[in-house]
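Open the model in a viewer and keep the sequence panel visible. The tour below moves from one selection to the next and says what is there.

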Amino acid sequence: QVQLMESGGGLVQPGGSLNLSCAASTNIFKFNAMGWYRQAPDKQRELVATITSSGRTDYADSVKGRFTISGDSAKKTVYLQMKSLRPEDTAVYYCNARYRVRALVGPGHDDDYWGQGIQVSVSS
């Protein structure tokens, strides 16, 4: 059982800031990666930022220099600090957690878990 609980978000003016949090309730000891994705109306879900268990981060080009992802492995929580927000950042943001399932026999696979999404709106 994995549940991802997102918090934060809301409405902010262009240039403003918001912070998102996602806490995982799970028996999984450690996720291989956690991150944030977003989906705007009539658009596909896209990567925003991810962080691996080793601390490696990856960002979409559109948010580099403005967003910062961080995590707390003990709390199984991931954060997203968003600054200099733009109207095009408006979307539903989804928390993601990935667990690498290894197998002694046969191929392994990645299990992805998703939060229900939280609205971020950037508008004047």
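A polar contact here is a pair of N or O atoms within 3.5 Å, where within protein one must be able to donate a hydrogen and the other to accept it. Keep in mind throughout that the model is predicted.

**Stop 1: Arg38**

Select Arg38, in strand S4 (residues 33-39). Its side chain makes a polar contact of 2.8 Å with the side chain of Glu46. A second polar contact, at 3.4 Å, links the side chain of Arg38 to that of Ser62. Arg38 has a relative accessible area of 5%, so it counts as buried. Now display what surrounds Arg38, leaving out residues within four places in sequence: the contacts include Gln44, Arg45, Val48, Val63 and Phe67. Also among them are Glu88, Asp89, Ala91, Val92 and Tyr93.

**Stop 2: Glu6**

Go next to Glu6 in strand S1 (residues 2-8). What is the nearest side chain of opposite charge to Glu6? It is Arg45, 8.1 Å away, and Glu6 has no salt bridge although it is buried. Show the backbone atoms around Glu6. A polar atom of the Glu6 side chain lies 2.7 Å from the backbone nitrogen of Cys95. The Glu6 side chain also reaches the backbone nitrogen of Gln116, at 3.2 Å. Beyond four places in sequence, the residues that Glu6 touches include Ser21, Cys22, Trp36, Tyr93 and Tyr94. Gly115, Gly117 and Ile118 are further members of that list.

**Stop 3: Cys22 and Cys95**

Both cysteines have already appeared among the contacts of Glu6. Select the pair and show the sulfur atoms, which are 2.0 Å apart and form a disulfide. The cut-off for a disulfide is 2.5 Å between cysteine sulfur atoms, and by this rule the count comes to one. Cys22 belongs to strand S3 (residues 18-26) and Cys95 to strand S9 (residues 91-101), so the disulfide ties together parts that are 73 residues apart in sequence. Which hand does the disulfide have? The torsion about the S-S bond is about -85°, so it is left-handed. Cys22 is buried, at a relative accessible area of 0%, and Cys95 is buried with a value of 0%.

**Stop 4: the S7-S8 hairpin**

Colour strand S7 (residues 67-72) and strand S8 (residues 77-82), which run antiparallel and are joined by six bridges. Asp72 stands opposite Thr77 in S8. The two strands form a hairpin, with four residues between them. Stop at Lys76, in the loop between S7 and S8. Its phi is near 50°, a positive value in a residue that is not glycine. Most residues other than glycine have a negative phi. Is Lys76 buried or exposed? Lys76 has a relative accessible area of 17%, under the 20% cut-off, and so is buried.

**Stop 5: Ser84**

Move on to Ser84, found in the loop between S8 and S9. Ser84 is not a glycine, yet it has a positive phi of about 50°. With 41% relative accessibility, Ser84 counts as partly exposed.

**Stop 6: Pro107**

Finish at Pro107, placed in the loop between S9 and strand S10 (109-114). Pro107 has a relative accessible area of 73% and is exposed. To place Pro107 in the model, draw a distance to Lys64, which is 43 residues away along the chain. The C-alpha atoms of Pro107 and Lys64 are separated by 34 Å.

Terms used: Residues numbered from 1 in each chain as written. Predicted model: local features only at pLDDT ≥ 70, side-chain atom pairs only at ≥ 80, totals over all residues. Heavy atoms only, no water. Buried < 20%, exposed > 50% of the residue type's maximum accessible area, 1.4 Å probe, protein only. Lys, Arg positive; Asp, Glu negative; His and termini not counted. Salt bridge = Lys/Arg side-chain N within 4 Å of Asp/Glu carboxyl O. Contact = heavy atoms within 4.5 Å. Pairing = 2+ DSSP bridges.
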